[in-house]
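Q: Hi! I've just opened this structure and could use a friendly tour. Can we look at it together?

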Amino acid sequence: MPPLSRDSADQLLARLPVELRAALACAARLAAVRAGRLWLVGGMVRDVLCGMPPGRDVDLAVEGDAPALARAFAAATGGRLIATHAAFGTATVELALSAGPALLIDFAGSRVERYSQPAALPEVQPAPIEDDLLRRDFSVSAMAIELRAEGDQLRAGRMLDPFGGRADLATSRLRLLHATSLRDDPTRLLRGLRLAARLDLQPDPATEAQIQEALAAGYLGLLSAERVLAELCLCLEEPRPDAVLRLADAWGVTPQVLPGLSWNEALAARSTRLATAPDDGPRGGPLVWAGLLLYELDEAQCAAIAARYPLPAEASELLRHLPALRALAPRLDGTLANSTVDRLLRPFSVAAITVLHYAEPAAAAVTAHYLRAVRPARALLDGNDLQRLGLAPGPALGRMLEALRAATLDGDVSSREQAEAWVRQRLATPG
Ligand code: ATP
């Protein structure tokens with residue numbers, strides 16, 4: 001494929017949203033006076049080449065002092081400097097847009113990395129962009145567009161594509177850059193999986209061989225549980241995490257990171273239900289995806305995952321609850337009173353019930369109704385009201401609140417006055 005001309009690179013940049021272009025032009029202007037050449041690198045170059053809408057993460061490589069440039073950029077744009085790692089020569093600025101999520105702009109000094117041993121964190125040294133691209137993982141992620149500013153306008157300088165990333169995108173190829181890429185950093189195996197699932201890329205033969213060698217040698221096992229978990233969480237943020245799992249099975253990755261899990265038709269069906277849910281359906285998200293993918297695991301398998309990875313509290317709770325949720329599903333039919341559904345489902349998080357919603361179509365009407373109308377129902381009276389009505393603080397008051405909630409949910413009381421009368425009557429009727 002012939003190299004991309006400056007005009008064509010300009011046209012690529014013209015596809016970026018206007019506020020992003022203005023921000024990049026500002027960074028380019030500042031870089032020209034304070035640092036050195038500035039490059040758009042990584043995922044955004046790839047996405048813009050594929051015609052995908054750019055995400056909120058912008059990676060900039062600067063040949064010079066990146067933290068200083070980030071500070072100047074934040075001051076010029078009103079952005080917020082949210083992280084600086086002087087030792088790595090990196091800094092991140094969060095820049096609010098007029099609509100939608102803020103941009104996260106990473107400024108990194110262009111550099112080379114050396115791995116002293118497999119899976120260790122690399123040693124870093126400043127280097128020109130051409131060398132910086134050499135340390136990257138896949139050809140499609142090792143392209144760079146030089147950013148320049150003419151007045152307020154963003155202009156492209158050179159486009160660098162030393163490993164044929166554009167041609168690989170055009171032919172759907174996933175290509176590692178070096179023969180030891182996965183040994184140096186086995187997270188690349190999981191990164192490649194995510195990228196391949198997202199863009200429907202096939203590993204080229206050398207990459208395929210390296211993947212199989214890495215799996216056979218157990219390189220993933222050299223990574224800390226935190227690093228693997230971070231990659232798994234990124235998989236859950238993909239548009240279709242089920243597609244990542246499907247590919248992970250095909251590559252033979254799943255047994256090494258999530259033993260007991262495997263892609264199957266039932267999993268595919270519940271994933272499709274979530275992915276194609278109407279806008280007013282219960283909302284998904286990474287935690288719901290995790291629950292849906294792991295839905296069929298038994299108690300021991302869930303416990304093994306919780307023991308292996310430092311999961312956030314809500315994820316451990318969800319895993320712990322999955323077997324009980326599954327057991328509950330057959331009881332959730334449309335004949336149940338609201339108060340019964342509330343008693344059955346209240347111990348579970350909204351995410352857990354959303355998992356149940358998409359996992360169990362027969363219970364979906366009940367779970368949707370519960371999430372929409374039952375769970376958010378507000379109490380007509382609170383503990384203070386009950387004390388005013390003569391109840392002493394203690395378990396009896398708690399039981400009365402519960403009973404009142406049930407009566408409210410079942411439509412027996414629907415106003416404060418009715419609720420007070422209902423309580424008075426119960427107090428007057430011993431037993
Ligand atoms: P995504 O769209 O998933 O964010 P991305 O390619 O932008 O994808 P980042 O994690 O933001 O991914 O990384 C930015 C760039 O840094 C990558 O495109 C790649 O060039 C490089 N990179 C990130 N992680 C690694 C790694 N482990 N090894 C080599 N290069 C990496």
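A: Happy to; below we go through the pockets and then one serine, bearing in mind that this is a predicted model.

Q: Great. How much space lies in the largest pocket?
A: The largest pocket holds about 2000 Å³ of space. It is lined by 50 residues, and those closest to its centre are Asp59, Asp106, Arg191, Arg194 and Leu234.

Q: Which elements give two or more residues to that lining?
A: There are helices and strands on that list: helix H3 (43-50), helix H8 (187-199) and helix H10 (225-236), together with strands E2 (57-62), E3 (80-85), E4 (90-95), E5 (103-109) and E6 (111-114).

Q: And which of them gives the most to the largest pocket?
A: That would be H8, with 6 residues in the lining.

Q: What classes of residue line the largest pocket?
A: By class, 22 of the lining residues are nonpolar, 20 are charged and 8 are polar.

Q: Which domains does the lining of the largest pocket draw on?
A: Domain 1 (6-171) and domain 2 (172-257) each supply at least three residues to it.

Q: OK, next pocket. What volume does the second largest one have?
A: Its volume is about 530 Å³. The second largest pocket has 32 lining residues, with Leu232, Cys233, Leu236, Ala290 and Leu294 closest to its centre.

Q: Which elements give two or more residues there?
A: Helices H8 and H10 do, and so do helix H11 (241-251), helix H12 (254-257), helix H14 (286-294) and helix H16 (313-328). H14 provides the largest share, 6 residues.

Q: How does the second lining split by class?
A: You'll find 28 nonpolar residues in the lining of the second largest pocket, plus 2 polar and 2 charged ones.

Q: Where does the second largest pocket lie?
A: It lies between domain 2 (172-257) and domain 3 (259-374), because both give residues to its lining.

Q: Changing topic: where is Ser141?
A: Ser141 sits in a loop, the one that runs between helix H5 (129-134) and strand E8 (144-150).

Q: Is Ser141 buried or exposed, and why?
A: Ser141 counts as buried, because its relative accessibility is 5% and the cut-off for buried is under 20%.

Q: What does the side chain of Ser141 make a polar contact with?
A: Its partner is the side chain of Arg46, at 2.9 Å.

Q: And which residues is Ser141 in contact with, leaving aside neighbours within four places in sequence?
A: Those are Gly42, Arg46, Arg136 and Leu195. So Arg46 turns up both in this set and in the polar contact.

Notes. Residues numbered from 1 in each chain as written. Predicted model: local features only at pLDDT ≥ 70, side-chain atom pairs only at ≥ 80, totals over all residues. Heavy atoms only, no water. Helix = DSSP H or I, 4+ residues; strand = E, 2+ residues; numbered from the N terminus. Buried < 20%, exposed > 50% of the residue type's maximum accessible area, 1.4 Å probe, protein only. Polar contact = N/O pair within 3.5 Å; in protein donor to acceptor, adjacent residues only side chain to side chain. Contact = heavy atoms within 4.5 Å. 1 Å grid on protein atoms, 1.4 Å probe; cavity = no way out; pocket = protein on both sides within 12 Å on 5 of 7 lines; lining within 4 Å. Points joined across faces, edges and corners; volume = space filled by probe spheres on them. Nonpolar A, V, L, I, M, F, W, Y, C, P; charged D, E, K, R; others polar. Domains from an automatic or database assignment.
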